[in-house]
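Here are my notes on the model, set out as numbered points. Please read them with the structure open.

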Amino acid sequence: MASIRFLIPALVLSISLVPIAYGEEKVNQVTVVDEFKVSKDQLVLVKEFGADDAAFKGDNRGNEERVEDKLDRVPPALVERIVGEFEQRGYKAAPYTDDAAVAGTLILDGELDTVNNGSGAARALVGFGAGQAKLIGTIKLFRAEKPDEVLVQGRVQGTSKGRGGLISAGSMENPTIKNFAINTVDATTGLNRKGKPAEIREK
């Protein structure tokens with residue numbers, strides 16, 4: 001009997017540590033024109049990301065009212081967080097307005113294609129990235145006077161990362177938006193929060 005008691009915890013642990021596969025989506029990778037870099041003297045105007053065609057996945061996906069509420073709430077929250085992330089790193093940024101979009105300013109535009117609440121049960125019971133929430137979308141950066149000449153473009157992902165335990169069973173909206181904003185600013189500036197080259201960029 002003693003061997004059985006020790007075998008069961010070992011079996012549970014081995015199952016929990018198996019890597020979780022999340023598919024082969026190519027995200028957090030952008031292309032840059034002529035090694036473009038954002039100057040800290042340039043104003044970046046952040047447009048509200050479109051979400052009308054986003055696929056909604058995970059918890060509450062069958063609740064139409066909650067889905068609509070989240071798709072209405074996330075885009076403006078992203079603008080606020082992305083602007084804040086730029087400013088925290090010493091860049092000039094503001095929410096987009098037509099009046100501010102004069103020659104010399106940069107416009108950051110985007111479209112969300114996936115809004116995934118993940119699974120609160122999986123986060124609480126398994127952890128290690130299981131059930132993580134995700135936001136996935138495309139971004140593009142261009143000059144206000146030359147909207148057809150895209151300087152940076154690609155797909156960015158934000159996740160709730162490997163949070164686990166009972167506290168992670170609730171909404172992971174805020175940490176997911178924060179992570180998406182960090183990766184978006186990494187992509188557009190080419191630098192991470194420490195001022196080092198961001199791996200998210202490729203020429």
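**Notes on the predicted model**

1. Lys140. Start in strand β6, where Lys140 lies. The model is predicted. Lys140 is partly exposed, because its relative accessible area is 34%, and the buried class needs a value under 20%. Leaving out residues up to four places away in sequence, Lys140 touches Ile107, Leu108, Asp109, Val150, Val152 and Gln153. Thr31 is 109 residues from Lys140 in sequence, yet the C-alpha atoms are 9.6 Å apart in space.

2. Val32. Strand β1 covers residues 29–32, and Val32 is part of β1. Val32 has a relative accessible area of 14%, so Val32 is buried. Gln153 is among the contacts of Lys140. Gln153 also pairs with Val32 across the sequence: the two are 121 residues apart along the chain and 6.8 Å apart from C-alpha to C-alpha.

3. Overall fold. The protein chain has four helices and eight strands. Along the sequence they run α-β-β-β-α-β-β-α-β-β-α-β. The chain has 203 residues, and 41% of them count as buried. Take the contacts between residues at least 6 apart in sequence: 73% of these join residues at least 24 apart. The exposed area is about 11,500 Å². Carbon and sulfur atoms supply 53% of that area.

4. Salt bridges. How many salt bridges does a search of the whole structure find? The search finds four. Glu85, Arg89, Asp186 and Arg193 are linked in a network of such bridges. The next three points take pairs from this network.

5. Glu85 and Arg193. These two form a salt bridge, with the closest N and O atoms 2.8 Å apart. The pair links distant parts of the chain, 108 residues apart. Glu85 sits in helix α2 (residues 64–88). Arg193 sits in the loop between α4 (173–189) and β8 (201–202). Is each partner buried or partly exposed? Glu85 is buried, because its relative accessible area is 3%. Arg193 has a relative accessible area of 42%, so Arg193 is partly exposed.

6. Glu85 and Arg89. Glu85 also forms a salt bridge with Arg89. Here the closest N and O atoms are 3.0 Å apart. Both residues are buried.

7. Asp186 and Arg89. The side chains of Asp186 and Arg89 meet in a salt bridge, at 2.8 Å from N to O. This pair, too, links distant parts of the chain: Asp186 is in helix α4, and Arg89 is in the loop between α2 and β4 (92–95). The two are 97 residues apart. Asp186 is buried, because its relative accessible area is 11%. Arg89 counts as buried because its relative accessibility is 11%.

8. Ala181. Helix α4 also holds Ala181. The relative accessible area of Ala181 is 0%, so Ala181 is buried. Which residues does Ala181 contact, leaving aside its neighbours within four places in sequence? The contacts are Arg81, Ile82 and Glu85. Gly84 is 97 residues away from Ala181 in sequence, and 8.8 Å away in space, C-alpha to C-alpha. Glu85 therefore appears twice in these notes, as a contact of Ala181 and as a member of the salt-bridge network.9. The cavity. Rolling a probe the size of a water molecule over the atoms shows where empty space is left. The count comes to one cavity of 30 Å³ or more. About 50 Å³ of space lies in the largest cavity. Its lining is made up of Lys70, Val74, Asn116, Asn117, Ala133, Lys134, Leu135, Glu173, Thr176 and Ile177.

10. Make-up of the lining. By class, the lining of the largest cavity has four nonpolar, three polar and three charged residues. Which elements each supply at least two residues of the lining? They are α2, β6 (134–143) and α4. The largest share, three residues, comes from α4. Strand β6 is also where Lys140 lies, and helix α4 is where Ala181 is found.

Note on methods:
Residues are numbered from 1 along each chain as its sequence is written. This is a predicted model: local features need pLDDT of at least 70, side-chain atom pairs count only at pLDDT 80 or more; totals for chains, interfaces and linings use all residues. Side-chain values use heavy atoms; hydrogens and water are left out. Buried means under 20% relative accessible area, exposed over 50%, partly exposed in between (1.4 Å probe, protein chains only). On a 1 Å grid over the protein atoms alone, a cavity is a set of points where a 1.4 Å probe fits but cannot get out, and a pocket is an open set with protein on both sides within 12 Å along at least five of seven lines; lining residues have an atom within 4 Å of a point. Grid points are joined across faces, edges and corners, and a volume is the space filled by probe spheres set on the points. Ala, Val, Leu, Ile, Met, Phe, Trp, Tyr, Cys and Pro count as nonpolar, Asp, Glu, Lys and Arg as charged, and the others, Gly among them, as polar. Contact means heavy atoms within 4.5 Å. Accessible areas come from the Shrake-Rupley method with a 1.4 Å probe; for residues, only the protein chains shown count as cover.
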